[in-house]
Every structure is written in C-alpha cells, then in structure tokens.
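Here are my notes on the model, in the order I'd go through them with the viewer open. Each point takes up one spot or one contact.

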Amino acid sequence: FSSSTYCKMWADAQKDLDILLQRERGEFLTPETNLRKVWKMLATSYIQYLGIFRRLEAAYDHLGHQQKRAAIRPVLDGVMGRILEIKREMVKLDNSECQDLGDILTELKRLPEDIEIPIPKYFIKENLEVLQQREKTLDEILLNAGLQEQEPSKAMMLAEAVRLVQVAERARQGRTRALFMRNIYLEDKRSTRQEEPAGQSRHHAATCIQKVWRGYTQRKKTAKMREEEMTFLGITLPPHLEATSSFQKHAGKVEALQGDVQERQDEVSFKDQLKETEGPHIKETLEDQISQCFTECRHITGRFPDYPTEKAGGSKAIFSDKTPEQVAEELAAKQKMEQKDQKGKEEKGEKEKPQEKTPKKGGKKEEVGGWKMGPSNFLSILEEGSSQYEVFWQNRDNGLDFLQDHDPELIKEGKREEVEEEIRVQVDELMEEKLRNLKLHVDGQKVGAQKKGGKTEKVRAASQEDSGSVSAMSLACRTIDSLYQELAEGGLLIKAKAVNLSDYIGHSGSLWNRLRGTGVQPLPSPPDVRQLIALYAILPLGSQTVHENAPLVKSMLLAGPAGVGKKMLVHAICTETGANLFNLTPSNIAGKYPGKEGLLMMLHMVLKVGKHLQPSVVWIGDTEKMFSKAPPKGEDEVDSKRLGKMLPQFLKALKATDRVLLVGTSTRPFEANMGPFCKVYQKIILIPRPDYLSRFGKYLNQELWKHFIVQNGGAFSNLENLSCLAQVSDGFTQGHILEVVQTVLSELRLLQMPRKPLRTVEFVTPLARYIPVYKEEEATFEVTF
C-alpha cells in the first residue's frame with residue numbers, strides 16, 4: 001500500500017468518527033427509559049468505534065510523515081479510551097462482562113472478526129531499543145545467577161573437524177582445476193577458429209546452429225530437473241511458496257524503510273529560529289502586561305499583589321480575562337470567607353447537613369427519568385483531533401507529501417508554545433524581583449516571611465520522612481538498577497515467554513442462541529477472553545493516555561481449571577505491551593523475605609521498580625492460598641496470608657499515572673474467603689475448558705488439535721479423524737491436548753511419518769491417562785462468581 005492509501009484510510013476514519021460524535025451528542029445526552037434501546041445504541045457505537053480504531057491504527061503504523069502521525073496519535077488514544085467507556089456502560093446494563101453482539105453485527109453487515117480488539121504495534125515499536133536492552137540486561141543477570149542456562153554451542157569432534165577441513169580443501173582444489181581446464185579449453189577453441197577457412201558450407205552452418213540450440217534446450221531441461229530435485233528433497237520452496245516468500249521479504253524491506261523514515265529527525269532547529277526572531281517581542285510583551293497588571297491592582301486595592309508561585313502557574317495566573325472590578329470583588333469575597341472561617345466549625349456543620357441531602361434527591365430523580373451517558377474524558381480529545389484534521393489535513397494535497405517530509409509552518413506552531421513557556425519562566429524571575437523592589441521602595445514592605453515559612457515546611461517534611469519505616473529509607477538510598485538486579489536474582493522478576501494474545505485460539509460459543517431469553521449467562525468463549533484481556537490489560541498498559549483517563553483497572557483475576565491457558569495469558573499481556581513480569585506466587589516467595597518487615601520490603605521494591613520501569617505486571621499464581629479459609633499450618637502459609645492482607649495497601653499506592661497491573665490466577669477460587677478475595681480483584685474473568693467447535697472447528701482456523709499437531713511438526717493424513725478426536729477429548733483442557741500431541745510426536749515418530757502416517761488411535765491412548773474437567777467442577781466456578 002502507498003502512503004496515499006493510508007491517508008485515504010485516515011480520512012475515512014475521521015469522517016466516520018465525526019458522524020459518530022454528532023450522533024452521540026444527540027442520543028447519549030438525552031435521558032432514555034427503554035434500556036433495550038440504550039443497549040442497542042451502546043453496542044452499535046462500540047462496533048463502529050472498533051472499526052475506526054482498526055483503520056486509525058493501520059494508518060498510524062504505516063504512514064511515515066511525522067506530523068501526520070502526531071495528529072493521528074491523540075485521536076487513536078481517544079478512540080481506545082472511548083471504547084473502554086462504552087464497554088463500562090454495557091457491563092453496567094447487563095451485569096456481565098460478556099455480551100452477545102451477533103444481532104448487531106448482522107444488522108451492520110459485519111463479521112465476527114470485526115469485534116476482535118486490534119493491538120497497536122506502537123506499544124512495542126516505539127520502545128523497541130529500550131525493551132531489547134532491558135531483555136539483554138535481564139539475561140545477563142539470570143545467567144550470572146545460574147537461573148538460566150546458556151544455549152549450548154555444538155561441540156565438534158576432532159575427526160569431524162578434520163573431515164570438514166578436507167572437504168573444503170578438496171572443493172577448493174576442484175574449483176582451481178576446473179578454472180585451469182576452462183582456460184585451456186578456451187585457448188584451444190580460439191586456435192581452431194583461427195585455422196578455419198573463411199568460407200563455410202551451408203551444411204556446416206546449419207550444424208553449428210543446431211548445436212547451439214540443442215545445448216540451450218538441454219541446459220534448460222537440466223536446470224528444471226535440478227529445481228524439481230531440490231524441491232523434492234525439501235532444500236528449496238515450491239515456486240508458488242517461493243513467490244510468497246519473495247513478497248514477504250519485499251514487505252519486510254518496505255517496513256524497514258518506513259521505520260527509517262518514521263525515525264528520521266528534522267535537521268533544522270525551528271525552536272532556535274523562533275527564539276531569535278520572535279523571542280524579544282514575546283519577552284517585551286509579557287513584561288508590559290505584567291507591569292500593567294501591577295499598576296491596576298494597586299490603583300484598585302491600594303497595594304501591590306503577591307506574585308503567584310510556580311505551583312499556581314506563575315504569570316499564567318495573572319493573565320486572565322477579568323476586569324479590575326472583578327479582581328476587587330474576588331478580594332472582598334476572600335476577606336468575607338476568612339471572617340466566616342474564624343467563627344468556628346460547629347455552625348458550618350449544622351448549615352452543611354441539609355445541603356448534603358439535596359443532591360441525593362436530585363440523583364434519584366435523574367435515575368427515575370431514564371438512563372443518561374456519564375461524563376467522558378475522551379470526547380474532548382476526539383473533538384479537538386477532528387477540528388485539527390479539518391483545519392490542517394482535510395483539504396491538503398497528499399501528492400505533495402511523496403517524500404514524507406515535514407511542514408515547517410506546523411512545526412513552528414508546535415514549537416511556539418514551548419518557546420513562550422521558556423521565556424515566561426525567565427520573565428517571572430525578573431518581574432518577581434521587580435515587584436519586591438516596588439513593595440520595598442513604594443510601600444516600605446519587606447518580603448522575607450515567605451522564605452522562613454518555606455524553610456519550616458521543608459524541615460517538617462524532612463522530619464516526617466525521618467519518622468518513616470526503616471525499609472522505606474533503605475530503599476530510598478538504593479538505585480533502580482540494584483533493586484532490579486536483586487529482584488531478578490531472587491526469582492521475583494522473571495522473563496516473560498514470547499507468546500501473543502492471538503495464540504490463545506478458540507471459536508466463539510454457540511450457547512447464546514440456546515440461552516437467549518432464559519436470563520442465564522454462559523461462560524465466556526475464547527474470543528470473549530481475548531477481548532477482555534485486551535480491553536482491561538493490554539490497551540491501558542500500552543498507552544499512558546488511556547491508562548490515566550479511562551476507567552481504572554488495577555487488578556484482575558483469571559480463574560479456571562488447570563490447563564486452560566491462564567499463565568499463557570499473563571505472558572501474552574507482557575509480550576504485547578513489553579511489560580516487566582514480577583512473580584509473587586506463594587510458592588515462589590516462600591522463605592525469601594520472611595516476616596512482616598520482609599514482605600513490606602519486597603512490596604516496596606516491586607512497587608518502586610514497577611513504577612520506574614513501567615509498564616509492569618505483578619502476577620500471583622494460586623492466589624486463593626492467600627485468602628484460604630483454613631488456618632495456616634506453616635510459616636510459609638502465614639507469610640502468604642500476610643501478603644494477602646497487604647495487597648489492598650499495595651493497590652492504594654497505585655495511581656492513575658502508574659501503569660502497573662496486578663494479575664492473579666486461581667484454579668480453586670471457591671476455597672478462598674470471598675469477602676477480602678473479591679475486594680482485591682476488580683475484574684474476575686472465568687476461563688472455561690474448550691468446547692467442541694474450539695477443539696475441531698473445521699474451516700474456522702481455530703481448531704486446537706490441528707493447530708497443535710502442525711505446530712509440533714506433524715502432518716495430516718486420511719487415516720486421521722479430527723472430528724473423532726474432538727468428540728473423545730470432551731472435557732479436556734488445552735494443556736491436556738498439547739501434552740498429548742507432544743508425547744505422540746516424538747523425534748522418532750516424526751522421522752517415521754513419511755512412510756507411516758498419523759492415526760487417530762495414537763492420540764486416544766495417551767489422552768486416557770489424564771483426568772478431564774467434569775461438569776460439576778465447571779459448575780462450581782459459575783456458582784462461586
């Protein structure tokens with residue numbers, strides 16, 4: 001695809017987004033009593049936002065124009081956040097994390113694949129160098145600590161090395177002799193040509209032509225036979241696959257070139273140019289405005305104002321559209337408020353009690369009036385992005401952007417704000433000093449009390465820090481690198497496996513149509529699980545804007561029988577976002593940080609490293625042991641229960657700016673004390689065993705048996721019946737099926753496969769050794785949550 005194609009894709013996405021925003025202003029802001037109609041509106045908007053999200057992500061990933069990418073990025077983050085907000089409203093209406101969108105998809109003429117959550121590639125691509133360096137550092141730490149084995153290099157025996165040298169030497173001698181014989185042949189041929197008479201007969205000429213033609217045809221046949229032989233031996237690919245491979249190589253080269261264009265930096269420093277040309281004028285204008293404000297304030301109030309602090313915004317707080325009369329009114333109102341504060345708190349409490357009841361009544365009236373969409377943190381971002389697109393990019397000729405070069409005027413607009421902010425800081429220092437001199441010489445006022453107050457506040461803050469725990473003080477003196485190394489050597493910071501969310505395969509459940517109208521909610525299907533993991537974990541961890549403004553999810557629980565893929569999903573979250581993985585499973589932390597102080601030290605370390613090197617995932621396997629109903633038997637169980645009681649404090653320490661997610665996995669959640677257990681985990685996702693369509697799923701590319709057999713080097717034959725295997729494996733998990741396939745497809749069996757095809761019976765016998773997940777156990781998960 002060319003850049004013009006992705007520009008058109010961006011334009012179409014912006015057009016659909018404008019239509020959707022205009023419709024939301026009319027539908028979502030008016031109260032609606034029909035909840036079914038509300039749910040349909042939300043589901044329709046959800047699917048349409050996903051389509052816009054998919055096109056914006058493709059345009060952002062493939063366009064090389066830096067300014068276009070900068071314009072797409074906030075809109076892309078805003079669409080992701082809006083999807084999460086609409087999902088929250090749908091969950092509130094249904095009281096369920098999974099919704100049946102089949103009817104809406106049919107009405108909109110969309111496919112089931114259209115509700116898959118696309119994962120932006122910039123999560124990894126823009127931080128690739130940092131992630132690679134971090135992975136290299138972790139590998140070195142684990143190798144030095146003996147926690148990871150180095151890949152063994154193939155040692156060569158002396159006899160094999162001698163034979164290899166002999167083969168290479170004989171090949172060199174053969175090439176040299178062939179070159180020598182070729183030169184002799186060419187010399188003899190030249191000499192015979194010189195001895196031939198000038199005139200030749202027609203018969204001799206025809207013989208020469210035939211000789212040349214027959215040699216050409218024979219060489220072509222020989223080359224074709226050699227290609228067929230190499231293909232038969234498996235050394236080269238067939239022609240159709242080789243063409244596909246060449247296209248893939250070309251696509252890889254194009255992606256590399258796009259990356260180079262995207263990372264190219266502008267050589268011209270527009271910021272320095274703006275400082276030289278517009279800097280003096282901006283500085284002079286600021287000084288005149290601030291001086292005029294000082295004069296007007298003294299004329300009205302009779303004294304010079306206090307200069308705003310840096311926290312209050314400095315001179316930004318002075319530059320408002322208020323008149324001097326409004327400033328005087330505000331000062332008088334502040335004096336009245338100070339007088340009221342001196343009267344006491346008792347009268348205030350009596351006056352504020354009846355005022356607290358009024359909003360509750362109003363809230364009830366709004367609920368009776370109908371459903372209304374809550375406030376959004378992303379609509380303003382989307383509207384601003386749409387307005388910028390209309391002003392700068394909608395009517396732009398994309399043919400001028402063939403070189404994907406920058407636009408100087410747009411760069412100046414963006415840098416002008418930075419230049420003004422830097423100059424404003426310098427002007428604040430000068431004008432604050434000027435105000436002190438005016439107060440001293442005109443009013444005779446000495447300014448020095450604020451400094452004393454500032455010092456006392458610093459002393460108090462230092463004393464509060466000194467009164468903190470010893471563990472916090474010891475961690476404050478240590479560097480992030482030392483804490484990172486200690487956690488890695490202790491086995492608490494582990495390396496995530498390279499698996500993607502798309503590797504969790506399975507077909508959508510078929511129980512929605514059967515249970516429709518009964519009020520019973522079926523267990524989530526594999527596509528539902530992928531969707532929830534992407535919404536609540538991957539998108540917020542990957543984007544800082546989404547994490548700060550979207551509905552905040554600090555913790556998540558993955559519950560299900562053993563072998564359904566809970567650990568794989570944890571590793572997939574880290575792979576898709578480049579997050580660090582901390583393993584706080586009770587069996588992993590046993591004996592490493594004993595006692596209450598040790599556990600506090602461990603949590604402080606994890607929190608400090610996780611925040612500094614965000615995004616991070618804190619994984620707790622078998623988390624039900626921390627909240628078990630039975631009394632602890634040993635010291636390790638006591639520490640695990642202590643850690644469970646500390647988790648709420650750990651979550652309170654996480655703010656919206658901290659991209660740290662707590663993920664727990666549990667195979668027996670019904671053994672936990674449900675009160676504190678559910679308070680720790682905000683989102684609980686049940687992961688069931690695969691159904692028949694997921695195990696077989698013909699023509700759907702989501703079949704487990706076929707996927708695992710091909711993944712482990714197997715091949716299909718007429719003697720293999722996948723439908724029979726899917727029926728026999730009812731109740732078994734993905735882990736059981738994978739272990740069975742790996743057991744059958746040993747190295748010896750793979751060598752025998754060309755003459756002895758695979759049979760269904762070979763998989764049935766090892767499958768019988770495993771214990772399936774019975775319906776009673778699966779029903780226990782449903783009853784628990």
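1. A definition before the ring cluster: rings of Phe, Tyr and Trp (for Trp, its six-membered ring) are taken as a pair if their centres lie within 6.5 Å. With that in hand, look for Trp 10, Tyr 389 and Trp 393, which ring pairs link into a cluster. Keep in mind that this is a predicted model.

2. How many aromatic pairs does the structure hold? The count is nine. One of them is Phe 28 with Trp 371, an edge-to-face pair with 6.0 Å from centre to centre and 90 degrees between the planes. The partners come from distant parts of the chain, 343 residues apart. Phe 28 sits in the loop between H1 and helix H2 (35–62), while Trp 371 sits in the loop between helix H12 (346–369) and helix H13 (379–393). Are these two buried or exposed? Both Phe 28 and Trp 371 are buried.

3. Next is the pair of Trp 705 and Phe 763, also listed as edge-to-face, at 5.8 Å centre to centre and with 75 degrees between the planes. This pair, too, links distant parts of the chain: Trp 705 belongs to helix H27 (residues 704–711) and Phe 763 to helix H31 (residues 761–767), 58 residues apart. Trp 705 counts as buried because its relative accessibility is 0%. Phe 763 is buried as well, with a relative accessible area of 0%.

4. Now back to the N-terminal helix. Leu 21 is part of helix H1 (residues 3–27). With a relative accessible area of 3%, Leu 21 is buried. Which residues does Leu 21 touch, leaving aside those up to four places away in sequence? They are Tyr 49, Leu 379, Leu 382, Glu 383 and Ser 386. For Glu 383 there is a distance to go with the contact: the C-alpha atoms of Leu 21 and Glu 383 are separated by 7.9 Å, though the two residues are 362 apart along the chain.

5. H1 also packs against helix H3 (residues 66–94): the two axes come within 12 Å and cross at roughly 40 degrees. That is why H1 and H3 are described as oblique to each other. Their crossing is left-handed. On the H1 side the contact uses Cys 7, Trp 10, Gln 14, Leu 17 and Glu 24. On the H3 side, the residues met are Lys 68, Ala 71, Ile 72, Val 75, Val 79, Arg 82 and Ile 86. By type, the residues of this H1–H3 contact are eight nonpolar, one polar and three charged. If Trp 10 sounds familiar, it is also one of the residues in the ring cluster.

6. A second helix contact worth a look is between helix H6 (residues 128–144) and helix H17 (residues 480–489), whose axes come within 9 Å and cross at roughly 55 degrees. H6 is therefore oblique to H17. The crossing in this case is right-handed. H6 contributes Arg 134, Leu 138, Ile 141 and Leu 142, and H17 contributes Tyr 484, Gln 485, Ala 488 and Glu 489. Sorted by type, that contact has five nonpolar residues, one polar and two charged.

7. Val 499 lies in the loop between strand E1 (493–494) and helix H18 (511–515). Leaving out residues up to four places away in sequence, Val 499 touches Met 568, His 571, Ala 572 and Thr 575. Val 499 and Ile 573 are 8.8 Å apart, C-alpha to C-alpha, with their positions 74 residues apart in sequence.

8. Some backbone details to check. The peptide bond from Gln 614 to Pro 615 is cis, with omega near 5 degrees; Pro 615 is in the loop between helix H23 (595–612) and strand E4 (616–621). Asp 622, in the loop between E4 and helix H24 (635–652), has a positive phi of about 50 degrees although it is not a glycine. Asp 622 counts as partly exposed because its relative accessibility is 28%.

9. Last, Asn 95. Where does Asn 95 lie? Its place is the loop between H3 and helix H4 (102–108). Asn 95 is not a glycine, yet its phi is positive, about 55 degrees. With a relative accessible area of 69%, Asn 95 is exposed.

Definitions and conventions. Residues numbered from 1 in each chain as written. Predicted model: local features only at pLDDT ≥ 70, side-chain atom pairs only at ≥ 80, totals over all residues. Heavy atoms only, no water. Helix = DSSP H or I, 4+ residues; strand = E, 2+ residues; numbered from the N terminus. Buried < 20%, exposed > 50% of the residue type's maximum accessible area, 1.4 Å probe, protein only. Contact = heavy atoms within 4.5 Å. Axes fitted to C-alpha atoms, helices over the stretch in contact; angles between N-to-C directions. Parallel < 35°, antiparallel > 145°, perpendicular 65-115°, else oblique. Left-handed = near helix turned anticlockwise from the far one by under 90°. Nonpolar A, V, L, I, M, F, W, Y, C, P; charged D, E, K, R; others polar. Phe/Tyr/Trp six-rings, centres within 6.5 Å; stacked < 30°, edge-to-face > 60°.
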